[in-house]
Amino acid sequence: MFTISGSLIIRTIFTDNLIGEEMSSKINKIAVLCSYEFPVGMASTSRILAYCRGFKDNGVSPEVYTFRWIADNEGLPISGEVNGIPYKNSHLWHSQRSIFYKMLIDKPLIRKKAIDDIASSNQKQPIDWVLLSFDNLNLLEYYVPRLKKLGLKLAFIGDEFPKPMRDKLKESITNRQIRRYKSIYRNIDARIVMTKSLQDFYDTVIGEKPTYILPSIIDSNRFADVAGDDNRLNSKYFCYTGGLEPTSDNLDVMIKAFAKVLKVYPEYELRLYGNPSPENRILFENVAKEEGVADKVKFMGRISNAEIPETLAHAKIVMTSQPDNMRVRGSFSTKIGEYLASGTPTLVTKVGSIPLYFEHGRDLFYAQVDDVDDYANQIIEILKDYGKAIKVAQNGRSLISNNFNATFLTSGLIDFLSDLNS
């Protein structure tokens, strides 16, 4: 089994990883095919931007192609460049046309033009690898054989367990899905996954492939100029960023714990940044009302990637409360890397792969899963000795900067892909 890890820390944990080998055929050009919003978006967009920045810093030219449905009246450019990384949305669907037009004309064009764009780029300068940053089976069955016909090497990127494991928290996927994945993987040359548990799942259920473990990855340049110390010391808000989804974050635990903290420190408010579904927003608003803190829990809406560093750096504490479920076990939350990179004291729950990398009281602070009292106590302890908390946050920031920055982690990924090219 061929496995390489992208982190020095994980290299000390998984001793079967192959490291330090001299790679023979350096790659020059990478294409990323995804279904996410670009150039602005949520965690997946930030992750793509981070490793594309890492490719660029290491002398490899990245390009991003997205086949997300974008309406012609959204005001978004169909192509452009962000941080020196070129991107292209394949097609803008016609907002004024009927649903039949969209399904019969726009949908096929969105898919076909993404292939055409990649083929055109490959003709101008050969693409060494295409990274497939999506796991929808129907889309994989469409794109993989067509890209393979172009003679391209394909690497699947897995950031979470596949559906229905991450959405319905099932222990596995169906036999029919397994057969479909196995058929697809005949034409996929490598995997890039976030966690060892994801690698074990795909190796065991689908079949072994050369694999690179790429955990939380941060474009440290986004946080390099953030100076939050004075603002942080005087800050009166705690901060959460994310999707506000119960399967990925127990916001009810966080809100209930916050209500307890207010009895000791009544001057703070809890700011929740993200765009929850209407159902989830009502759910969490009701929790805040029941706890009597509705006026202190602020739903701030979604913010851009550019706004995240300052928002985190100016908070008193940045926090999340992940549950222990299949979705969390398979992923490595991008937000935790961003939290630590901001230099603000970080409170998380001790779940998934996070404890393999970070220590309580050295890099960040842990609360027990689903434990409102412990979560509240951890917040209070941070506030009691905030000077110590800042030192812990500085250690966490250094750890992220040195071992999880895009330039460092992507250099190993380049070696991995180059070795497979030789």
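**Exercise 1. Find which residue stands opposite Glu-81 in β6, and describe the hairpin around this pair.**

Solution. Glu-81 has Pro-86 of β6 as its opposite residue. This is a predicted model, in which local features need pLDDT of at least 70 and side-chain atom pairs count only at pLDDT 80 or more, while totals for chains, interfaces and linings use all residues. Residues are numbered from 1 along each chain as its sequence is written, and side-chain values use heavy atoms, with hydrogens and water left out.

The next step is to look at the two strands, where a strand is a DSSP run of E with at least two residues, a helix is a run of H or I with at least four, and both are numbered from the N terminus. Strand β5 (residues 79-82) pairs with strand β6 (residues 85-89) in the antiparallel sense over four bridges; two strands count as paired if DSSP finds at least two bridges between them.

The last step is the turn: the hairpin of β5 and β6 has two residues between the strands, and Asn-83 lies in this loop. Asn-83 is not a glycine, yet its phi is positive, at about 55°. Its relative accessibility is 46%, so Asn-83 counts as partly exposed, given that buried means under 20% relative accessible area, exposed over 50%, and partly exposed in between (1.4 Å probe, protein chains only).

**Exercise 2. Decide whether Leu-244 is buried or exposed, and state where it lies.**

Solution. Begin with the backbone, where Leu-244 has a positive phi near 55° although it is a residue other than glycine. Leu-244 is placed in the loop between β12 (237-241) and α8 (251-262). With a relative accessibility of 0%, Leu-244 counts as buried.

**Exercise 3. Describe how strand β2 (residues 29-34) is enclosed, and which strands pair with it.**

Solution. First consider burial: six of the six residues of β2 are buried, so the strand is largely enclosed by the rest of the structure. Then consider the directions of the side chains. In a regular strand the side chains alternate between the two faces of the sheet. From β2, Lys-29, Ala-31 and Leu-33 point one way, whereas Ile-30, Val-32 and Cys-34 point the other way.

Finally, consider the neighbours. Strand β3 (residues 61-66) pairs with β2 in the parallel sense over six bridges, and within β3 it is Ser-61 that is the bridge partner of Lys-29. Strand β8 (residues 129-133) also pairs with β2 in the parallel sense, over five bridges, and here Val-130 stands opposite Ala-31.

**Exercise 4. Locate Asn-405 and list what it touches.**

Solution. Asn-405 is found in the loop between α15 (386-403) and α16 (406-421), and it is buried, with a relative accessible area of 13%. Leaving aside residues up to four places away in sequence, Asn-405 touches Ile-217, Ile-218, Ser-220 and Ile-400, where contact means heavy atoms within 4.5 Å. Tyr-51 is 354 residues away along the chain, but its C-alpha atom and that of Asn-405 are separated by 9.0 Å.

**Exercise 5. Describe the chain as a whole.**

Solution. The chain contains 16 helices and 17 strands. Its C-alpha trace spans about 65 × 55 × 45 Å along the principal axes. Of the 422 residues, 56% are buried. Among contacts between residues at least 6 apart in sequence, 74% join residues at least 24 apart.
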